[in-house]
Amino acid sequence: MSIVRRSNAFDPFADLWADPFDTFRSIVPAFSSNSETAAFANARVDWKETPEAHVFKADLPGVKKEEVKVEVEDGNVLVVSGERTKEEEDKNDKWHRVERSSGKFVRRFRLPEDAKVEEVKAGLENGVLTVTVPKAEVKKPEVKAIEISG
């Protein structure tokens, strides 16, 4: 939430609602909104495990499915990558705040041994990428009864 100042008078409470990370972003340029790293930082992913699968959900608003890649590297590393393109700018526009990031993003997740990487499925709907990695059935150890003599 941003507060718009309507006068030039000093207001000691005006910055109470300011972004607490603005100072940090000015010190560390990699986290500024003009950096490719900003999009990486904003590609938020949830990972849940169900009895049948590992399910990853990534918020990718404004990203088309053609701009996203889902891959499995080295047999067990799930890689979600892509690029959020920058909005066309008109020279007559006057920007007051730029918070939405653009640029490349990549996230990597080492999958557990029970992941069936050959059956991974992905879908993008309403700006949410869902990647489903089915789980292999856990084989229960076979128990063999041994007769006791004596």
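The chat below goes through strands, a buried glutamate and salt bridges in a predicted model.

Q: What kind of model is this, and how are residues numbered?
A: The model is predicted, so local features need pLDDT of at least 70 and side-chain atom pairs count only at pLDDT 80 or more, while totals for chains, interfaces and linings use all residues. Residues are numbered from 1 along each chain as its sequence is written, and side-chain values use heavy atoms, with hydrogens and water left out.

Q: What is the strand order in the open sheet?
A: The order is E1-E2-E7-E6, with antiparallel pairing among the 4 strands. Strands are DSSP runs (E, at least two residues), numbered from the N terminus. Two strands pair if DSSP finds at least two bridges between them.

Q: Which strands stand at the edges?
A: Strand E1 (45–49) and strand E6 (121–125) do; each has a single partner strand, so one side of each is left without a neighbour in the sheet.

Q: How many degrees is the twist?
A: The twist averages 15 degrees from one strand to the next. Angles run from 0 to 180 degrees between N-to-C directions, with axes as lines fitted to C-alpha atoms.

Q: How many bridges are there between E1 and E2?
A: E1 pairs with strand E2 (residues 53–59) over 5 bridges, in the antiparallel sense. Within E2, His54 is the bridge partner of Glu49.

Q: Which salt bridge does Glu49 form?
A: Glu49 forms one with Lys135, and their closest N and O atoms are 2.6 Å apart. The two are 86 residues apart and link distant parts of the chain, with Glu49 in strand E1 and Lys135 in the segment after strand E7 (128–134). A salt bridge here is a side-chain nitrogen of Lys or Arg within 4 Å of a carboxyl oxygen of Asp or Glu.

Q: Is each partner buried or exposed?
A: Glu49 is exposed, with a relative accessible area of 52%, whereas Lys135 is buried at 16%. Buried means under 20% relative accessible area, exposed over 50%, and partly exposed in between (1.4 Å probe, protein chains only).

Q: How many salt bridges does the whole structure have?
A: A search finds 5. Among them is Glu71 with Lys69, whose closest N and O atoms are 3.8 Å apart. Glu71 is partly exposed at 32%, and Lys69 is partly exposed at 47%. Glu119 also forms a salt bridge with Lys116, at 3.9 Å between the closest N and O atoms.

Q: Different topic: where is Glu67?
A: Glu67 is in the loop between E2 and strand E3 (68–73). Glu67 is buried yet has no salt bridge, and Lys64, the nearest side chain of opposite charge, is 4.6 Å away. For charge, Lys and Arg count as positive and Asp and Glu as negative; His and the chain ends are not counted.

Q: What is Glu67 in contact with?
A: Leaving aside neighbours within four places in sequence, Glu67 is in contact (heavy atoms within 4.5 Å) with Gly62, Ser81, Gly82, Glu83 and Thr85.

Q: How many residues of strand E4 are buried?
A: In strand E4 (residues 77–84), 7 of the 8 residues are buried, so E4 is largely enclosed by the rest of the structure.

Q: What joins E4 to E3?
A: The two run antiparallel and are joined by 6 bridges, with Val77 in E4 as the bridge partner of Glu73. They form a hairpin with 3 residues between them, and Asp74 in the turn has a positive phi of about 50 degrees.

Q: And how many bridges join E4 to E5?
A: There are 8 bridges between E4 and strand E5 (residues 103–110), which run antiparallel. Ser81 stands opposite Val106 in E5.
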